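Student: I would like the reasoning behind the labels here, one term at a time. Where should we begin?

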Amino acid sequence: MSLISALARMEAAASGRAEPVATVRHRHLAERPLVLVPLTTAGETGAPLGAMVGTDRGAPQVFTVAQPRDRDLRFAFLGRLAEALLPHLESCQDEVETIERKETDPESGKRVTVEAELCADAPQLLVPTAPGVDFVRLLGRSMRFRRTAEEDPGTPYPAPPRVPLLGRWLTHYAERSRVPGSSLLLPLTGLLTRHWATGQSHLEDQHLGTLLAWIAPPDGESGAEAARRAELERDGTGQLVRPPAGPATDPAFDNRLLAPAVARYDAGVPGAAEELRELIASQLRPTWEAMWQGVDLLRALPEGAHVPDRWRRDRQSYTHHRDRLRAGEPPQPRRDDAVTAARKLAMREQRQAELEAQEALDDPLVMAVRRLAGEAFTAAVTDVEMAYSEGKRPTPRPLVTLRTEDTPLLAEGDKVHRQLPEGAQQRAELVAEPEPGVLVLRLLSGMGRGKEPAQGTVPEPGDLLCWTLFEHSPRGGPGLPEPEETPWTHGGPPGEQTAEDPDPLTPEDVL
Amino acid sequence: MTAAVPPFARPADVPADGNGGFAPGEAAARATEAILADTLHGAYKGVVVDSPPGAGKSTLVVRAARELAAAGHPLMVIAQTNAQVDDLVDRLASADPELPVGRLHSSEPKPYDPALDRHPSVRKSAKPADLAGLDIVVSTAAKWAWVKPEEPWRHAIVDEAYQMRSDALLAVAGLFERALFVGDPGQLDPFSQVGAEQWAGFSHDPSASAVDTLLSHNPELPQHRLPVSWRLPASAAPLVSDAFYPYTPFRSGTGHGDRRLAFTARPDGSPVDRVLDEAAGSGWGLLELPAARTPRTDPEAVSAVAQVVRRMLDREGVAHSERAEEPVALSAGRIAVGTAHRDQAAAVRAALAYMDVEGVTVDTANRLQGREFDVTVVLHPLSGRPDATEFHLETGRLCVLTSRHRHACVVVCRAGVPELLDDHPATEPVRLGATLKAPDGWEAHQAVLAHLAAHAVPSR
């Protein structure tokens with residue numbers, strides 16, 4: 001935990017109200033996000049109990065499973081969920097812009113520029129909590145290998161149409177959510193804790209109700225008190241006034257209300273299905289309202305300057321998935337092969353480094369965290385001395401003397417970076433530290449190609465500059481071999497990727 | 001609950017009082033011959049060598065490279081950092097000034113140690129084509145990954161293979177047909193800044209170590225082990241071996257009487273001097289500060305570390321060892337301070353500068369890997385902490401910090417760490433198929449603390 005966030009948490013604990021830890025919104029927030037509140041059944045992994053879905057806070061759709069252990073009912077539920085989610089997930093496929101992209105020509109092996117489509121927008125999916133994201137992943141996993149009657153007329157338990165397709169979309173969204181800074185699928189608790197610090201523990205921050213209570217307590221009540229009520233308050237029958245945001249349900253609800261209702265349904269009591277539906281909806285509704293309250297809070301923050309850049313990558317990811325579906329490729333495999341796993345990890349590490357840099361550049365409060373950690377510093381220019389590189393074509397290498405009150409962890413020869421007023425980057429190296437707090441830097445780049453530095457690229461005495469020890473757009477690593485060239489150290493080539501079979505049926509799968 | 005003192009089990013052929021009956025030179029030579037035989041004439045595509053701290057890993061790499069080259073097999077050598085590459089090239093060129101060695105480097109300014117310029121046989125270039133035809137070409141894994149081979153090398157040596165990540169090996173393994181993998185399994189594991197749990201337990205988990213991946217795909221490969229640490233003194237080898245290498249024990253190459261550390265100036269009676277004398281006499285010292293929860297850069301602990309170093313220099317230490325006939329003065333260059341975090345290292349550096357101490361190496365465990373000093377001063381990773389996280393418990397971090405010294409190690413720590421450990425049992429989920437580190441950090445920490453308790457000096 002950084003010093004600033006530790007301070008913010010202590011201040012929040014002292015004042016009873018959440019403290020902001022960001023001045024801008026660091027994630028994309030769609031104009032019309034699709035909110036999904038899923039619930040699962042205790043005791044069986046991946047058995048959905050119900051879901052509330054929609055893009056309009058006033059008109060959610062509710063789907064429930066009367067007997068969660070019944071596979072037929074479960075897949076009927078997933079079929080309805082697919083009909084509700086897919087139109088939204090597929091809604092951005094056709095509105096495209098044309099972009100240019102570098103690609104290796106398979107015949108000549110040269111890098112050539114090709115035109116490609118990029119979807120102009122992508123649908124965003126919001127769930128309440130991080131376990132909700134895991135649940136989306138699990139649903140995707142349980143659906144994408146299933147076969148419909150159309151795909152495989154011989155299958156004894158055909159999946160409803162479009163269920164395998166929803167499985168592939170949810171798998172894609174859940175996998176994308178592992179990329180740092182991505183915004184296709186986000187948990188609201190994660191979004192809120194990125195922007196506010198509460199006076200409760202990180203574990204308690206996983207509770208959407210208490211988190212909102214800290215950030216926006218009701219009038220006349222402190223966040224701490226409201227959070228306590230949100231977590232513990234029960235009605236006369238022992239039920240939580242604000243049920244947990246799921247996907248797990250409250251055991252008191254399971255035991256006293258849900259289990260008897262399911263038993264009535266199993267016994268064939270008339271009206272039991274409707275009763276269950278209302279019961280499950282009652283657990284979903286408070287979270288649904290909380291989701292939109294959170295969205296409103298986040299919308300009030302101005303968007304960070306680099307957020308559109310990162311959202312563009314999400315759009316690219318969405319477009320790639322669309323292309324794979326259109327090309328008739330098989331569902332995502334159960335296990336990544338060695339090269340795919342290494343590529344994903346390398347890409348995520350690069351995105352993580354980029355995200356950390358961009359958040360700091362977009363937000364002085366985040367930059368303050370880096371400054372306190374010795375990874376950045378602000379400094380006033382006290383002197384600029386023109387100098388040139390040696391060699392045939394001398395280029396400008398001005399020496400800039402700075403005075404700072406920060407304590408960057410710098411040694412001679414270390415590189416530092418700053419953003420120029422026009423957005424370009426400039427690199428410099430530390431030449432000397434004649435006395436504590438005084439640094440002499442040699443500017444190394446960003447001054448144009450001419451013999452004299454371009455206008456505005458060399459600072460002047462009196463300027464206040466912010467330098468970082470980290471690069472602003474970290475470079476990617478070298479390429480990895482193609483999967484068919486996987487070396488012997490990693491088990492050799494994985495073989496042709498084919499459509500995997502559905503999961504085999506086990507005795508437990510039939511109720 | 002308190003930790004039991006770990007039994008320092010020795011193989012039956014070694015008396016507890018030293019190395020009587022055990023000829024370290026012979027044991028090490030036998031291991032080396034077996035490794036070279038497998039490397040030069042073996043039928044396997046890979047050979048793995050586990051090397052405990054200071055067991056002559058670099059010597060082995062240099063010897064294997066020279067023998068392969070002499071047998072007419074040009075080879076590539078892959079190390080992990082530029083410092084390691086420069087060090088290896090320097091050793092190769094010093095061992096055989098005639099040997100044509102290539103140093104493949106990046107195109108950044110000052111890409112290699114200028115000290116290499118004194119070797120006329122070493123050719124340096126950023127382009128692999130410039131180095132074609134040389135017997136040995138050395139570079140980092142990161143640089144090799146950019147090389148597109150016309151034809152793979154017949155042989156390679158991968159140094160520090162346990163610190164190399166599986167995905168880094170994936171990027172370079174196409175460059176060679178067969179390789180010798182050398183490394184220390186007890187040091188810091190490679191890590192990733194982003195979560196890699198989704199691949200945990202896969203045989204090709206990209207965030208695992210290169211050796212883990214190699215062996216899970218090729219379990220038949222011969223695995224060797226260097227049995228003798230030439231760096232660690234007889235006072236340290238049993239502890240480090242038992243705490244960090246319980247299933248692959250090693251011994252010190254020197255006996256109890258072979259090394260001696262003494263101070264010229266008399267002690268002034270302060271706790272700092274007492275812990276120095278304790279460390280000089282027994283090889284270990286623990287300066288125990290009163291229990292407290294502190295920020296990472298605990299000013300009192302940082303100042304205590306700096307005072308220990310200051311007094312060590314003031315009292316003019318003299319080191320007797322098997323390396324030289326005459327005793328050698330303990331200079332600042334032979335002393336290192338190890339910390340867990342960079343900001344702690346920065347704070348210690350500032351404190352030392354304030355006390356006019358120059359030339360002492362101060363760095364984090366990550367950066368001290370592979371280095372050797374006469375005396376080390378360690379700021380304990382758990383000192384003053386309210387919690388024991390996976391990072392601070394990591395076995396490798398403590399192992400690196402407690403195995404850099406030839407003579408003595410002084411640990412500075414707040415009291416109460418055993419209780420802290422008891423309050424924080426490991427809670428990380430166990431993942432199917434993933435190799436578990438044995439011993440885990442919790443157990444290793446308990447073993448080291450139990451041993452240090454006998455050498456503790458309270459600071460007040």
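Tutor: Helices, meaning H or I runs of at least four residues, and strands, meaning E runs of at least two, are taken from DSSP and numbered from the N terminus. The model is a predicted one. With those names, B:E316 can be placed in the loop between α9 (299-314) and β13 (317-320) of chain B.

Student: What is unusual about the phi of B:E316?

Tutor: The angle is positive, about 50°, and the residue is not a glycine.

Student: What makes B:E316 buried, exposed or partly exposed?

Tutor: A residue is buried with 20 or more other C-beta atoms within 10 Å and exposed with 12 or fewer. B:E316 has 13, so the label is partly exposed.

Student: Which class does A:R162 fall into, and why?

Tutor: A:R162 has 18 C-beta neighbours inside 10 Å, so it counts as partly exposed. Phi of A:R162 is also positive, near 75°, in a residue other than glycine. A:R162 sits in the loop between α3 (130-144) and α4 (163-176) of chain A.

Student: Why is helix α6 (residues 208-215) of chain A called largely enclosed?

Tutor: Eight of its eight residues meet the burial criterion, so the helix is largely enclosed by the rest of the structure. Among the buried residues of α6(A) are A:L208, A:T210, A:W214 and A:I215. The elements covering them include α1 (3-15), α5 (188-195), β9 (196-197), α7 (223-232) and α9 (272-299) of chain A.

Student: How many of the residues of chain A are buried overall?

Tutor: The share is 38% of 511 residues. Chain A has 12 helices and 15 strands, and its C-alpha trace spans about 90 × 70 × 45 Å along the principal axes.

Student: How is chain A divided into domains?

Tutor: The domain assignment gives domain 1 (3-330) and domain 2 (360-468). Their centres, taken over C-alpha atoms, are 44 Å apart. The contact between them takes 10 residues from domain 1 of chain A and nine from domain 2 of chain A. On the domain 1 side, six are nonpolar, four polar and none charged.

Student: How do you know that strands β15 (residues 335-339) and β16 (residues 361-364) of chain B pair?

Tutor: Pairing needs at least two bridges. β15(B) and β16(B) have four, in the parallel sense. In that pairing, B:G338 stands opposite B:D363.

Student: What lies between β15(B) and β16(B) in the β-α-β unit, and of which hand is the unit?

Tutor: Helix α10 (residues 342-354) of chain B lies between them, and the unit is right-handed. The label requires that, with the strands pointing away from the viewer, the path from the first strand over the helix to the second runs clockwise.

Student: Which strands of chain B does β6 (residues 153-158) join, going by its bridges to β2 and β7?

Tutor: Strand β2 (residues 75-79) runs parallel to β6(B) and is joined to it by four bridges. B:I78 of β2(B) has B:V158 as its bridge partner. Strand β7 (residues 176-183) is likewise parallel to β6(B), over five bridges, with B:I157 opposite B:L180. The chain passes from β6(B) to β7(B) through α5(B), and this crossover is right-handed.

Student: What makes a group of residues a nonpolar core, and how many residues has the largest?

Tutor: The members must be buried nonpolar residues joined through C-beta atoms within 7 Å. The largest such set has 140 residues, and those with the most contacts inside it include B:A65, B:I157, B:F181 and B:V412. α9(B) contributes the most to this core, eight residues. Beyond its neighbours within four places in sequence, B:F181 contacts residues including B:V48, B:V158, B:V211 and B:L214. A second, separate core has 73 residues, among them A:A51, A:V53, A:L81 and A:C119.

Student: How many residues does each chain give to the contact between chain B and chain A?

Tutor: Chain B gives 26 and chain A gives 25. On the chain B side, α5 (166-172), α6 (210-217) and α10 each give two or more residues. The largest share there is that of α5(B), with four residues. By class, this side of chain B has 13 nonpolar, nine polar and four charged residues.

Terms used
Residues numbered from 1 in each chain as written. Chains lettered and ligands numbered in written order. Predicted model: local features only at pLDDT ≥ 70, side-chain atom pairs only at ≥ 80, totals over all residues. Contact = placed C-beta atoms within 7 Å. Nonpolar A, V, L, I, M, F, W, Y, C, P; charged D, E, K, R; others polar. Domains from an automatic or database assignment.
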